[in-house]
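Visitor: I am new to this structure and would like a close look at a single part of it. Please take the sheet and what packs around it, and say how that part sits in the rest of the chain.

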Amino acid sequence: MADTTIQTTSVGEAIHAHHQEILDTLREHVAAIVAGEGHANPSALLAFLKGDLLPHAQGEEAHLYPAVDPLVKAHGTATATMMIDHEYITSYIDRIANVMDVTRALRSADSAGGHARQANLSTLQRLCLQLEAVLVAHLDKEERVYIPLLEMYLSKEEQQRILSGMHEASRTAPSDSTFPPQETWLDVRAIAPRQRHETIFDTFNALRSGHAFVLVNDHDPKPLYYQFKAEFEGLFTWTYLEQGPETWQLRIVRV
Ligand SMILES: [Fe+2]
Ligand SMILES: [Fe+2]
């Protein structure tokens, strides 16, 4: 029963489980709609968005965020969430660059079929749309929350100093720069299946704490997840960035 669950589960576990449920449901709907499949059900999606996702957000605003605010003030960093946005933006840019590499390879390979080219183009379109959505929300947060604070509470000189620093940073940045930490990409599709797990574990073992790699595979590496859980319980996080139908991408962080 829901009440028992709330009493016996930590807040982190409960929220993570609910987030996972929301994301899984959304991804199922989106995959069916994008694929134009017969069982795509936009009305059910809308019912879920209004009946589950929005109440979740409202519940957070009423109960979770008021509890988090003073904790961030006392023990946290208010900009930490924005830096996580930057990690996602960086990851999208890396993934778009990756797709572009494949595009170039397909272009020069005469044998590549129309299907491979179409799948590659669809991935590129999806990544661009996802990056756009993340960026729109990210820029809006900076402009609605941070900028008014700077303008209200910093002197003109201090504001100028920030602007100069940012101009200098973009002037001196190499054209292919990304935000640190730069992620390692491990595309195991080109590796023989029996060598894949060993390569993945080697990559994970070489990571420093707090660093991550993105694993690219041609199927859902669920058995690998259970192997990670058995050997590295509590030492890693496992987040899907793309779940099929042709490519699976996930970020594995060494905690
Ligand atoms: Fe949430
Ligand atoms: Fe930003």
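Guide: Helix 6 is hardly covered, since the count of buried residues among its 17 residues is 0. Helix 6 takes in residues 156-172 and reaches 24 Å from its first C-alpha to its last, close to the 24 Å expected at 1.5 Å a residue. This is a predicted model. In the protein, buried residues make up 6% of the 255 residues.

The protein has 8 helices and 4 strands. From the N terminus on, the elements run α-α-α-α-α-α-β-α-β-α-β-β. Two domains divide the protein, domain 1 covering 11-75 and domain 2 covering 78-255. Taken over C-alpha atoms, the centres of domain 1 and domain 2 are separated by 22 Å. The C-alpha atoms of the protein fill a box of roughly 60 × 55 × 40 Å along the principal axes.

Now the sheet itself. It is an open sheet of 4 strands in the order 1-2-4-3, and the pairing is mixed. Strand 1 (184-187) and strand 3 (236-243) stand at the edges, each with a single partner strand, so one side of each is left without a neighbour in the sheet. On average, and with direction ignored, neighbouring strands of this sheet are turned by 20° against each other.

Strand 2 and strand 4 run antiparallel and are joined by 6 bridges. Across this pairing, leucine 215 stands opposite leucine 250 in strand 4, and valine 216 stands opposite glutamine 249 in strand 4. In a regular strand the side chains alternate between the two faces of the sheet.

Strand 4 also pairs with strand 3, in the antiparallel sense and over 7 bridges. Here threonine 239 has arginine 251 in strand 4 as its bridge partner, while glutamine 243 stands opposite tryptophan 248 in strand 4. Strand 3 and strand 4 form a hairpin with 4 residues between the strands, in which glycine 244 takes a positive phi near 75°. A cis peptide bond joins glycine 244 and proline 245, with omega about 5°. Proline 245 lies in the loop between strand 3 and strand 4.

Next comes the packing around these strands. The largest nonpolar core has 7 residues in all: Ile200, Phe204, Ala212, Val214, Leu215, Leu250 and Ile252. Helix 7 (193-205), strand 2 (212-217) and strand 4 (248-254) are the elements that give two or more residues to this core. Strand 2 supplies the largest share of the core, 3 residues. Two residues that face each other across the sheet, leucine 215 and leucine 250 in strand 4, are both listed among the members of the core.

Isoleucine 252 is another member of the core. Leaving out residues up to four places away in sequence, isoleucine 252 touches Phe204, Ala212, Phe213, Leu215, Phe236 and Trp238. Among these contacts, Phe204, Ala212 and Leu215 also belong to the core. For the protein as a whole, among contacts between residues at least 6 apart in sequence, 62% join residues at least 24 apart.

Helix 7 also holds histidine 197. Is histidine 197 buried, exposed or partly exposed? Histidine 197 is partly exposed, because 16 other C-beta atoms lie within 10 Å, whereas 20 or more would be needed for a buried residue. Not counting residues up to four places away in sequence, histidine 197 touches Leu224 and Gln227. The C-alpha atoms of histidine 197 and glutamine 227 are separated by 9.4 Å, with the two residues 30 apart along the chain.

The loop between helix 8 (222-232) and strand 3 contains glutamate 233. Glutamate 233 is exposed, because 8 other C-beta atoms lie within 10 Å and a residue with 12 or fewer counts as exposed. Between the C-alpha atoms of glutamate 233 and alanine 62 the separation is 33 Å, and the two residues are 171 apart along the chain. By the domain bounds 11-75 and 78-255, alanine 62 falls in domain 1 and glutamate 233 in domain 2.

How values were computed: Residues are numbered from 1 along each chain as its sequence is written. Chains are lettered from A and ligands numbered from 1 in the order in which they are written. This is a predicted model: local features need pLDDT of at least 70, side-chain atom pairs count only at pLDDT 80 or more; totals for chains, interfaces and linings use all residues. A nonpolar core is a set of buried Ala, Val, Leu, Ile, Met, Phe, Trp, Tyr and Cys residues joined through C-beta atoms within 7 Å. Two residues are in contact if their C-beta atoms, placed from the backbone, lie within 7 Å. Two strands pair if DSSP finds at least two bridges between them. Axes are lines fitted to C-alpha atoms, for helices over the stretch in contact, and angles run from 0 to 180 degrees between N-to-C directions. Domain bounds come from an automatic or database domain assignment. The expected span of a helix is 1.5 Å times one less than its number of residues.
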